[in-house]
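Student: I'm new to this structure. Could you take a close look at chain A for me, and at the side of chain A that touches chain B?

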Amino acid sequence: MEIIIKVNDGPSPSSYKDGDIVQAFTLDEIYYHHAQQKCNVDNFGLDEVTGNRSPEQLLIKFLERTKTYKFERLNSNEVKRTNLITNEVSILNKTPNADNERIDVYAYLVRRLQKASHLIFGKSGREYWYGKERNDIDIGAVWNDIETHSDYLKSEHNNFPFSDVEKRHFIAINTSGRSYVGDSFTRVELSGDTVHTRQEVAIEEIPENPSEDYEPILLAKRKWFVPYWDLATELGSSVDDLRNVNHACDCRKPMNEREHIDILTYDKIATGVI
Amino acid sequence: MATTTVSIGSNQSIDTETPATSSGGGPSYVVTFGTTPAGIHVGDIGFMDTEDAGGGNASDYTFLVTAISGADITLKYLTDTASKGDNSPLGLYTGGGSSGSPTQAPMVFKRAFSTITLFEAMIDDSSPDYWGSSDDVVGELHADSNFTDATVNFDQKQSLSSVTLSVYEDDRHDGTAESGALWKPTANSGHNVGILRINIDNMIAEWLDISLDSLDSRNTNRAITLVGTNDDNIIRNNLIHDKGGNPGSTGPVGIQALAAGATSDTLSILNNIIYNIVETSGDHTVGINMNQWQGTGNIYGNTLYNLVSNGGSKYAYGILFGNDSDNTTNIKNNIVAALSGSQERAYYKTNASSTVNSANNLSDDTAGATYDAEDMNQSLNDSSALTGKTLAEIDFVSTSAGSEDLHIDVDSICIGAGVDLGTTNGVNIDIDGETMSGDWSIGADWVSAGGSESFLAFID
């Protein structure tokens, strides 16, 4: 789990405050960001004959693992849609089916092919493409493919790619959970809501039956904070350095050196800050 | 006013090249490199890790790419960590070599910001270094990887003249989902808060592809919210799509004005496509909700498709507006189709005392007669409206799950059926980025009435 923290109060009452957790990322999210860069369409060329995207193995595997559907043009009118999760197959054409689904495949493809970064594969008249990103991507399998077809290593892509600007105006840290056996523990990665709640907005409790026009009252731009000014030892950097915009603050550590999330992060409401 | 563009994306190693020549007196330098950098764009950062000739006195220099003309890259000095001050990139050294023959430092090109949230946090900052205090600032998304920001709240811009959240030209969607830079949150935004929340005047949000598909079990129920300080806001050419589930006590909305603003304020919602917004447990669903807005609202050229509410007395609204008697809504060239709910209210003007200027809107055969494009809940009797049209008549290119394409096909009745809306606020730029001319279409996509769009030669 990685966190990026605001340094110094913003200029307005509603601005971010010193120590606010601006964003938080799970390790899987970090891996996926890097995987998308490695498998970005711009890294793969076009077929010189058809002008369609060249079906290089890594790109095709990436799409098969990250998209829900594969579409294959059968003829001038029909498209075969395969759900890559369930293997359910449908034939689509200009006539609406029971779910009001239809497609004019010719018009569809003409527009896609106008964009230089299109992802249309195959021969003219037998094109295929992929659609709708999955919500439960097996990031381990995606990286297996990347490691098989490139020199990139998953183990070298454990950190979110914060920019230099960000590392000087904010503090990047990482943290861990603990898995106990008796009194001893091992540090573990955190995931899901444990991570994402740390980046939430502080909102007044919503009434039981609000109107459709109900607007929540924002108490603060962020609900959680890291009192980094008290954690110089844990973060391995002086407070002066952490607050110096001319000093890039990257306090991310290997897993075995990370502090527990409860040592670093605090709920402003629960602690009475707001 | 000066315009400063900064890039937003996750690519922090676009290219590394060594400066070869430099001209200009600073803070902007026209620089050529031994090899012309590849893949860089205006708004990217050039970073140099330097030391004095002969070594020592380190400083990290940051430059902003402000123009690219062939091999000539214009770089503006921004900061350096040792506060040495403005310098040309040519003549900054690695510390290697000798004092008499130092080694020129290379420049590493990166995106300026990695996430939309961190860009917004710098907009909120009083001394950001990267733009002038009264600039027009443009943040351009690049399709390096998905943007997963759960909620981004633009609520301060200090003394900036304007803020634009846009997408780099080559990374814009083509009118269909996942065809360019994709904003796909995976975590709660907060109920009724919004994924993109705007509370500043003079802001443009454009070319965003916002997918809510990962949020079916989340409390996120609104894509773009306008909080009240929204004078001269323009929301244009965006895709908003695929919200399902039950987000909580109130249902999903594509674009919503949460507060009234001022009577003199103007808010424009132009050429957006909003589709597959489906509530599954006891709530209304709304495509565009401007009900609270008391200023002027321009709702032009939007396409709304497949909006589904759930439960008794829970309605599927296309465009909901005009609750405040001071409100004037100009509503033209919109398509609302495929509604489903206990009532299907394609267009709903709430208060008879508010003002509406409507023309050439379309509702399909799912809309209730009282709430169609002709009457809008107020018996407007707009004779320019197209009502009761079938999906076959509207003729979207594709309504197939996973390959939705809500461009209109060449047989659509929408072609040539719109009213000319001029060029103000880019209303004449359609969802593909095409400039409309001649006869206007209804909806977010323009197709020339004379024939097909600018189709490529294509082997069928």
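Tutor: Let's sort out the vocabulary as we go: helices (H or I, at least four residues) and strands (E, at least two) are DSSP runs, numbered from the N terminus. Counted that way, chain A holds nine helices and 15 strands. Keep in mind that this is a predicted model, where local features need pLDDT of at least 70 and side-chain atom pairs count only at pLDDT 80 or more, while totals for chains, interfaces and linings use all residues. Residues are numbered from 1 along each chain as its sequence is written, and chains are lettered from A and ligands numbered from 1 in the order in which they are written.

Chain A comes in two pieces, domain 1 (2-28 + 151-267) and domain 2 (36-139); such bounds come from an automatic or database domain assignment. Their centres, taken over C-alpha atoms, lie 38 Å apart. The C-alpha trace of the chain spans about 65 × 55 × 45 Å along its principal axes.

Now for the part you asked about. With contact meaning C-beta atoms, placed from the backbone, within 7 Å, 67 residues of chain A meet 69 residues of chain B. Among the elements of chain A that each supply at least two residues to that side are β1 (2-6), α1 (27-38) and β7 (126-133). The biggest giver is α3(A), with six residues. By class, this side has 24 nonpolar, 25 polar and 18 charged residues. Here Ala, Val, Leu, Ile, Met, Phe, Trp, Tyr, Cys and Pro count as nonpolar, Asp, Glu, Lys and Arg as charged, and the others, Gly among them, as polar.

Notes:
Contact = placed C-beta atoms within 7 Å.
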